[in-house]
Amino acid sequence: MSTLNIHNPATGELVIALPADDAAAVAAKAKIARAAQPAWAARPFAERKACIERFRAGVTRDLEPLAATMTRETGKPIKMSRNELNGLLPRIDFFLAEAEAAIAAETVFDEGGMREQIQHEPLGLVANISAWNYPWFVGCNVILPALLTGNAVLYKPSEYATLTGLEIARLLHEAGVPRDVMVCLVGGGEVGAALLEQKVDGVFFTGSHATGQRIAQAVGQRFVKVQLELGGKDPTYVAEDADPKAAAESLADGAMYNTGQSCCSVERIYVHEKIHDDFVDAFVDAVKGMRMGDPMREDTYIGAITRAPQLDVLEAQVDDAIANGAALLVGGERRIGDGNWFDATVLVNVNHDMEIMREESFGPVIGIQKVRDDEEAVHWMNDTRYGLTAGVYTKDEDRARRILSRVHAGSVYWNCCDRVSPRLPWSGVGDSGVGLTLSKYGIQAFTRPKAWHLRRP
Ligand code: NAD
């Protein structure tokens, strides 16, 4: 049997070696889950809802050890691990409050003895292949609405957040979701690939663009519903009427929170030339105040880089920018020694010939580019193959609306950033993906709307 070694990215230490699934185990689990799904779907909605309510209680009860586990395997600062778990609770509440109404049968026509109805049926067996950066969020965005709407779930957590994935499954089982309905698979990309070979009715993926392409290719011939939530190169524009210090503090947090490893991290900043220098000074001050170190310490803000290979990407982007004329104002170094560490890094005099302004960094590095006016800002914001989020800082809402309506992104922000709401759809355009999670549409995504034509005799 193969094993999955879980390392602590802050120290390099082996946390645990877990037995991993092989292709035969994946096939057996898929068969069991498929067989168990109809009985789960036949249970009254109230029973499924009660399971998720008990799951919520379990998360609340175990919050401290769950946060410590997440920090140990991802390097996320402990306060941010707690924030993620606390932030999960209102998401659960949203799903609990909205799921029944979102999938209620709807009569859309009733005349002359003819009735037309839409009924939402569960997809059936849903595969969830997930990322590690917000494992509770990205896991539960799929698992909870899928279960509430009557699906069985085959969940392949990231190999960098497997202990957290196993905890999600444990708490759901303890809460009454049958073991055969909520099934966790252990392993890396090869286990994800084996999962795609099974007969599944939907594939919900969160991860990189490169893997998203592989997944789309693997299931494309079978017409299986596929949703891909991928990376981004999220831009923000700071107009000259914005308060440079307030905008800088907000955006430094948006760029560096979770050590820059958020799908909606601020990845590029464009600042109007009139306030560029004041903004940059305040931004650098904010970044210098961010303590890097042991993720278990309460005052740590910059934690470890979760995946060691990303250190090479960050180093190459910074080197490329400097070689092409960027000025390094703070950071820029990969730390040699135990664990995966990269300084919070700020570069100015950047442009779109540089990788740092074009490709996802997924780490604590940011480029700040000076622009003349709104027109130029819109031009550069749209100069990307991605489109997850984009933002504008200005006092003028009309101006923000004019700019943001022209920017290609699934979510847009006025005077805020790096924000996700359960009430709003979460989606990307272009290479940031297809499909959506969250909101009532992200509940309906786990159902097939069936058309009923009913004529009274
Ligand atoms: P990744 O693509 O390396 O891995 C994601 C998952 O895919 C893992 O579970 C992995 O084991 C699995 N996988 C790898 N190869 C596979 C294959 N051939 N077939 C099937 N499964 C396979 O991504 P990651 O490093 O875990 O996550 C980081 C990326 O995720 C970033 O690009 C980030 O922007 C993106 N992300 C996006 C969102 C969003 O909502 N749009 C949210 C979080 C993260």
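Let me start with one pair: Lys 29 and Asp 21 form a salt bridge through their side chains, with N and O 3.1 Å apart. Keep in mind that this is a predicted model. How exposed are the two partners? Lys 29 has a relative accessible area of 24%, which makes it partly exposed. Asp 21 is at 12% and counts as buried. The cut-off for buried is under 20%, so Asp 21 falls below it at 12%.

That pair is one example from a longer list. Over the whole structure, the search finds 31 salt bridges.

Next, Arg 61 and Asp 62. Their closest N and O atoms are 2.8 Å apart, and they form a salt bridge. Which of the two is buried, and which is exposed? Arg 61 is exposed, at 55% relative accessibility. Asp 62 is buried, with a relative accessible area of 13%.

The third pair is Arg 170 and Glu 167, whose side chains meet in a salt bridge at 2.6 Å, N to O. Where do these two residues sit? Both are in helix H6, which covers residues 162-174. They are three residues apart, and that is about one turn of the helix. Arg 170 is partly exposed at 29% relative accessibility, whereas Glu 167 is buried at 19%.

Now put the second and third pairs together. Arg 61, Asp 62, Glu 167, Arg 170 and Glu 174 belong to one network, joined by salt bridges that share partners.

To recap the buried partners: Asp 21 is at 12%, Asp 62 at 13% and Glu 167 at 19%. That is what I have for today.

Conventions: Residues numbered from 1 in each chain as written. Predicted model: local features only at pLDDT ≥ 70, side-chain atom pairs only at ≥ 80, totals over all residues. Heavy atoms only, no water. Salt bridge = Lys/Arg side-chain N within 4 Å of Asp/Glu carboxyl O. Buried < 20%, exposed > 50% of the residue type's maximum accessible area, 1.4 Å probe, protein only. Helix = DSSP H or I, 4+ residues; strand = E, 2+ residues; numbered from the N terminus.
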